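User: Please take a close look at the interior cavity of this protein. I would like to know what lines it and what surrounds it.

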Amino acid sequence: AFAGDSRFNFILLDKNVGKRKAQIVAIRRSSGDLVLNVDSDTTLASDVVAKLARKMQDPAVGAAMGQLVASNRSDTWLTRLIDMEYWLACNEERAAQARFGAVMCCCGPCAMYRRSALLLLLDQYETQLFRGKPSDFGEDRHLTILMLKAGLRTEYIPDAIAATVVPDRLGPYLRQQLRWARSTFRDTLLALHLLPSLDRYLTLDVVGQNLGPLLLALSVLAGLAQLALTATVPWSAVLMIASMTIIRCSVAAFRARQLRFLGFSLHTFINVFLLLPLKAYALCTLS
């Protein structure tokens, strides 16, 4: 439909070289002031480009992302949970980080970058290594970290809506979460030197996101050990996890004005019994 339109330039590579190298080829052949990254399974609202570009008028902003929603939210119980997970990730985590000038990961489905900054960072982006091997995932987080290291701000625009397809089965969802966990651990190491130059809230946020799952895992293991050794239920741990879940979901339901967020409490079971072991595995297999 667009191949005959002179405003569009389609670049066909000889083979699948991965997202990162494809991005780099396109960026080097681009010409505008701004570069918009959109994943192939994502549909943008008609005003997204205008809203992101308006935020990018500030020369101190290097990247900006919109709010992600699940386009297939109504398909399964899992897609409903993931849609709520995206809302929380955007409107709690990213919104709080943006308040202090540094969204730590501008997500791939909808992110706009300043092209002049990108060109200065492409060599670092292309040659990222981890333990001597080329890094082949975590593009969005790494590119965001490079923008912050260059002294630019990264922003979140909640009313720039992008609808993306999310996994509708546990297998693909867990594989996605494994990639994201490895990326988070890797780029957290890179971001440690960056944190002193950012607001102190970002240090608290990064430490919390990495230590939080560890402390939760220790609580679960201690509870299982108590159950195995003494045949008594660790009610204190169970009640604490349940209380934190109810409080978080209630706050989300109030802020979003949607009772469906009370159902996000079911995600706690996925988190405790599937995501925590997966994150431990990711940490042990970073390379």
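Analyst: A cavity here is a set of grid points where a 1.4 Å probe fits but cannot get out. The model is predicted. By this rule there is one cavity of 30 Å³ or more. The largest cavity has a volume of about 100 Å³.

Which residues line the largest cavity? The lining is made of Q97, M104, R141, I145, T184, D187, T188, A191, D205, V206, Q209 and N210. Three helices each give two or more residues to this lining: α5 (139–149), α6 (170–191) and α7 (200–230). By type, the lining of the largest cavity holds four nonpolar, five polar and three charged residues.

Now the nonpolar packing. The largest nonpolar core has 51 residues. L52, Y113 and M147 have the most contacts inside it. Helix α3 (residues 77–99) gives the most to this core, with nine residues. Another core lies apart from it. That other core has ten residues, among them A102, M104, L198 and L202. M104 thus links two topics: M104 belongs to the ten-residue core, and M104 also lines the largest cavity.

N210 leads to the annotation. UniProt, in an unreviewed entry, places "transmembrane region" at residues 210–229 and 261–282. N210 is also one of the lining residues of the largest cavity. Residues 210–229 are 100% helix and 0% strand, and their end C-alpha atoms lie 29 Å apart. Residues 261–282 are 73% helix and 0% strand. The end C-alpha atoms of that span are 28 Å apart.

How values were computed: Residues numbered from 1 in each chain as written. Predicted model: local features only at pLDDT ≥ 70, side-chain atom pairs only at ≥ 80, totals over all residues. Heavy atoms only, no water. Core = buried A, V, L, I, M, F, W, Y, C linked by side-chain atoms within 4.5 Å. Buried < 20%, exposed > 50% of the residue type's maximum accessible area, 1.4 Å probe, protein only. Helix = DSSP H or I, 4+ residues; strand = E, 2+ residues; numbered from the N terminus. 1 Å grid on protein atoms, 1.4 Å probe; cavity = no way out; pocket = protein on both sides within 12 Å on 5 of 7 lines; lining within 4 Å. Points joined across faces, edges and corners; volume = space filled by probe spheres on them. Nonpolar A, V, L, I, M, F, W, Y, C, P; charged D, E, K, R; others polar. UniProt positions renumbered as here; feature names shortened; annotations may be inferred.
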